Amino acid sequence: MDLFSKCTTPLVDESIAAGVYPYFHTLESRQAPVVTMAGKERIMLGSNNYLGLTTHPRVMETAQAALEKYGTGCSGSRFLNGTLDLHVELEEALARFLGMEEAVVFSTGYQSNLGIITALCGRGDYIICDRENHASIYDACSMSKAKMMRYRHNDMADLERVLRMIPKESGVLIVVDGIFSMCGDICPLPKIVELAKKYGARTMVDDAHGLGVVGRNGRGTADHFGLTDQVDIIMGTFSKSLASLGGFMATNKRVAKYVRHNSRPFIFSASVPPASCAAALEALRIMEEQPEIVENLMAVSDYARNGFAKRGIKIRESNSAIIPLYTYDFDATLAIGKRLFDEGVYVNPVLPPATPPGECLLRTSYMATHTTDILDRAMDIIQMVFAEFGLVQEG
């Protein structure tokens with residue numbers, strides 16, 4: 001059989017033919033509350049640039065200065081010739097900011113999960129996952145050769161059921177998104193920590209969507225619950241609130257040293273380029289200095305939640321900068337997404353397998369730099385389009 005015989009994409013082809021294909025729209029401007037896509041201005045309700053720092057003058061100036069000083073790349077892995085003083089400074093700043101002993105910087109957020117989990121977990125170990133964890137966690141579990149077990153989303157009784165099944169002599173890591181990337185709700189971390197202690201497990205929080213969003217100055221989910229000293233590993237990315245590219249783990253010195261010397265994604269990948277490293281470091285400084293940015297992000301998100309309620313738009317409840325709008329049907333979701341795009345609002349369709357069949361969503365996400373005028377304009381357009389599809393609730 002020809003290897004390439006599997007290379008068919010019927011659903012993609014059908015959506016392209018129907019004119020509702022929602023992916024790979026070309027961005028022709030900066031990541032901002034209003035962007036230019038396909039030659040037209042669109043209100044951006046689909047970015048993870050939560051604090052709006054990708055266009056902050058200090059972040060851009062610092063990145064440009066690093067580019068001038070260090071050049072465009074590091075030409076090697078952190079393990080060999082690719083460690084800059086900037087990488088060390090960023091790791092120290094992250095550890096200090098998060099209240100952990102040490103941090104390790106990876107080249108991407110995806111590689112961070114692969115690098116942490118595959119270094120720490122292997123045959124004979126167990127990894128326990130929330131069903132709605134990010135895909136990078138699932139890929140890391142597969143690569144680790146550990147036994148992966150899942151529990152129902154945010155269901156602590158089901159988590160305990162799974163933990164009871166694990167042999168006492170096995171190593172156990174509970175991995176959970178701090179804020180879930182599609183639905184925007186927060187994990188019940190206090191109960192997870194309690195169960196981890198009860199059953200002798202370690203805990204890892206993927207805070208890609210929590211850093212910069214919750215906690216003091218945006219310190220994330222563990223800080224939000226006052227549990228920083230009881231979580232074993234915090235993972236995060238630079239591509240969202242920190243306005244750059246890369247990822248990290250924060251943990252104790254012993255674990256950090258072990259991962260640095262045993263993580264294949266860390267050892268065999270080129271290090272974060274100087275400009276990206278400097279941008280993340282400056283964004284972190286701004287978060288520390290200006291807590292009002294995080295507070296404004298929450299105010300913007302709450303304004304949108306209330307605005308959707310007033311307009312009769314059913315949302316999936318969340319307490320973050322992610323607000324999913326229910327569209328239910330697969331075909332309707334694509335059609336609504338296309339109508340919104342044409343009317344000047346960009347959102348992200350969420351389809352199976354990312355959602356159960358019949359529970360399709362449009363994922364909207366918000367920035368601290370969104371204004372109420374922009375949000376009202378976007379929500380009025382959404383209300384108009386949803387009404388066309390019979391999705392506006394009366395009263």
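In this predicted model, strands S4 (126–130) and S6 (residues 172–177) run parallel and are joined by four bridges. Across this pairing, Ile128 stands opposite Ile174 in S6. S6 also pairs with strand S7 (residues 202–206), again in the parallel sense, over five bridges. Here Val175 faces Met204 in S7. Helix H7 (residues 189–199) completes a right-handed β-α-β unit with S6 and S7.

S6 is mostly covered, with six of its six residues buried. Val172, Ile174 and Val176 point one way from the strand. Leu173, Val175 and Asp177 point the other way. Both sets are buried.

The loop between S4 and helix H5 (135–144) holds Asn133. Asn133 counts as buried because its relative accessibility is 6%, below the 20% cut-off. Its side chain reaches the backbone oxygen of Val175 at 2.8 Å. Beyond its neighbours within four places in sequence, Asn133 is in contact with Tyr138, Val175, Val176, Asp177 and Phe180. Val175, Val176 and Asp177 in this list are also buried residues of S6.

Nonpolar side chains tend to be buried together in soluble globular proteins. The largest nonpolar core in the model has 71 residues. Those with the most contacts inside this core are Leu94, Ile128, Leu159, Leu163, Leu189, Ile192 and Leu242. Helix H11 (residues 274–289) gives the most to the core, with nine residues. Leu242 is in contact with Leu94, Leu211 and Thr237, among others, when neighbours within four places in sequence are left aside. The contacts of Leu242 also include Ala279, Ala280, Ala283, Leu284 and Met287. Another core, of 25 residues, lies apart from the largest one. Among its members are Val104, Tyr138, Met204 and Phe266. Tyr138 is thus a residue of this second core and a contact of Asn133. Met204 belongs to the second core and stands opposite Val175.

Aromatic pairs number five. Tyr21 and Tyr23 form an edge-to-face pair, at 5.5 Å centre to centre and with 85° between the planes. Tyr21 counts as partly exposed, at 24% relative accessibility. Tyr23 is also partly exposed, at 37%. The pair of Tyr326 and Tyr328 is stacked, because the ring centres are 5.4 Å apart and the planes lie at 10°. Tyr326 counts as buried, at 16% relative accessibility, whereas Tyr328 is partly exposed, at 31%.

Notes: Residues are numbered from 1 along each chain as its sequence is written. This is a predicted model: local features need pLDDT of at least 70, side-chain atom pairs count only at pLDDT 80 or more; totals for chains, interfaces and linings use all residues. Side-chain values use heavy atoms; hydrogens and water are left out. A nonpolar core is a set of buried Ala, Val, Leu, Ile, Met, Phe, Trp, Tyr and Cys residues joined through side-chain atoms within 4.5 Å. Buried means under 20% relative accessible area, exposed over 50%, partly exposed in between (1.4 Å probe, protein chains only). Helices (H or I, at least four residues) and strands (E, at least two) are DSSP runs, numbered from the N terminus. Contact means heavy atoms within 4.5 Å. A polar contact is a pair of N or O atoms within 3.5 Å; within protein, one must be able to donate a hydrogen and the other to accept it, and residues adjacent in sequence count only if both atoms are side-chain atoms. Two strands pair if DSSP finds at least two bridges between them. A crossover is right-handed if, with the strands pointing away from the viewer, the path from the first strand over the helix to the second runs clockwise. Rings of Phe, Tyr and Trp (its six-membered ring) pair if their centres lie within 6.5 Å; planes under 30 degrees apart count as stacked, over 60 as edge-to-face and the rest as tilted.
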